[in-house]
Structure formats: C-alpha cells, structure tokens
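Thanks for sharing this one. Here are my notes, set out as numbered points so that you can follow them with the structure open.

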Amino acid sequence: MAIPKPTALKQIVKRCSSLGRKQDPTATPPAYDGVPKGHFAVYVGQNRSRYVVPISLLTHPDFQCLLRLAEEEFGFRHHMGLTIPCEEVVFRSLTAALK
C-alpha cells in the first residue's frame, strides 16, 4: 500500500533535514554536514555513494518512483539515511535530466 504523496514527502523531509527535528534552543547546534539549505543527501548504489540533491526533485514523478523503490526495499526507518536502490550511473543520469 502506497503512502499518500503529502505524507511521504513530509516523512522524507523530516528524515533528511533538520527542519523536521525539534530543536532545543539551549542545545549546541549540530555540526554542518555539507548539505546546503534546500537540498538533502541520499546514498546510492552498491557502494552507498553520497549525493546531495535539491529538495525540488521530491515532487518530480520520476524521482518519486525512486523513492517508492527505496521505501519498498529499505523502508523509512533505518539509520543509514535515505538510500536509493539503483546504480549510480542511472541515478546521475536521472538527476541530471531532472535539474
């Protein structure tokens, strides 16, 4: 059963950005992880290479197809980060075409 689009996008944004985390105003800010505002990190391929992609890709139907594959294979509750189950060359081609 597929998650409705708004719910799936909300889960992805919470999982991939600090926007979804409750921040304690007295806590030390988290270390910068190299992800600029408006982007999120994904891990792709057999070697789990890290890619930083714009959040705008979340609404593109072809990218959503990759997200559904990720959900089917890994679910949204794992500690490694959002992992996309496809070959790196395919992912790079797709994201280059979508930008």
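1. Among contacts in the protein between residues at least 6 apart in sequence, what percentage join residues at least 24 apart? The share is 53%. Please keep in mind throughout that this is a predicted model.

2. A quick orientation before the details. The protein contains 3 helices and 3 strands, and along the sequence they follow the pattern α-β-β-α-β-α. Of the 99 residues in the protein, 31% are buried.

3. Now to the sheet. The 3 strands form an open sheet with the order β2-β1-β3, and the pairing is mixed. The edges are taken by β2 and β3 (83–84), each with a single partner strand, so one side of each is left without a neighbour in the sheet. Between β1 and β2, which run antiparallel, there are 6 bridges. Two positions help to fix the register by eye: Phe40 stands opposite Val53 in β2, and Val42 stands opposite Tyr51 in β2.

4. The hairpin of β1 and β2 deserves a look of its own. It has 4 residues between the strands, and Gly45 there takes a positive phi near 80 degrees. Gln46 is also in the loop between β1 and β2. Is Gln46 buried or exposed? At 79% relative accessibility, Gln46 counts as exposed. Even so, you can trace a long step along the chain from here: Gln46 and Glu88 are 42 residues apart in sequence, with their C-alpha atoms separated by 8.2 Å.

5. Tyr43 is a good residue to click on next. Tyr43 sits in strand β1 (residues 39–44) and is partly exposed, at 21% relative accessibility. That value lies just beyond the buried class, because buried means under 20%. Which residues does Tyr43 touch, leaving aside its neighbours within four places in sequence? They are Arg48, Ser49, Arg50, Met80, Gly81, Leu82, Thr83 and Ile84. One of these, Arg50, also makes a polar contact, side chain to side chain, with Tyr43 at 3.4 Å. Another, Met80, is 37 residues from Tyr43 in sequence, while the two C-alpha atoms are 8.4 Å apart in space.

6. On to the aromatic residues. There are 3 aromatic pairs in the count. In one of them, Tyr51 and Phe91 are tilted, with 5.3 Å from centre to centre and 55 degrees between the planes. Tyr51 belongs to strand β2 (residues 49–54) and Phe91 to helix α3 (residues 88–98), so this pair ties together parts that are 40 residues apart in sequence. Both rings belong to buried residues: Tyr51 has 17% relative accessibility and Phe91 has 1%. Phe40, Tyr51, Phe63 and Phe91 form one aromatic cluster, and I would suggest showing these four side chains together in a figure.

7. How does α3 lie relative to the strands? Helix α3 lies across β1, β2 and β3, and runs at about 10 degrees to β2. Thr95, a residue of helix α3, is buried, with a relative accessible area of 7%. Not counting residues up to four places away in sequence, Thr95 touches Val53, Leu57 and Phe63. Of these, Val53 is the residue that stands opposite Phe40, and Phe63 is a member of the aromatic cluster.

8. Last, the helix pair. The axes of helix α2 (residues 61–74) and α3 come within 10 Å and cross at roughly 145 degrees. From α2, the contact is made by Asp62, Phe63 and Leu66; from α3, by Phe91, Leu94, Thr95 and Leu98. By class, the residues of this contact divide into 5 nonpolar, 1 polar and 1 charged. Phe63 and Phe91 appear here and in the aromatic cluster as well, a handy pair of landmarks for reading this part of the model.

Definitions and conventions: Residues numbered from 1 in each chain as written. Predicted model: local features only at pLDDT ≥ 70, side-chain atom pairs only at ≥ 80, totals over all residues. Heavy atoms only, no water. Phe/Tyr/Trp six-rings, centres within 6.5 Å; stacked < 30°, edge-to-face > 60°. Buried < 20%, exposed > 50% of the residue type's maximum accessible area, 1.4 Å probe, protein only. Contact = heavy atoms within 4.5 Å. Axes fitted to C-alpha atoms, helices over the stretch in contact; angles between N-to-C directions. Nonpolar A, V, L, I, M, F, W, Y, C, P; charged D, E, K, R; others polar. Polar contact = N/O pair within 3.5 Å; in protein donor to acceptor, adjacent residues only side chain to side chain. Pairing = 2+ DSSP bridges.
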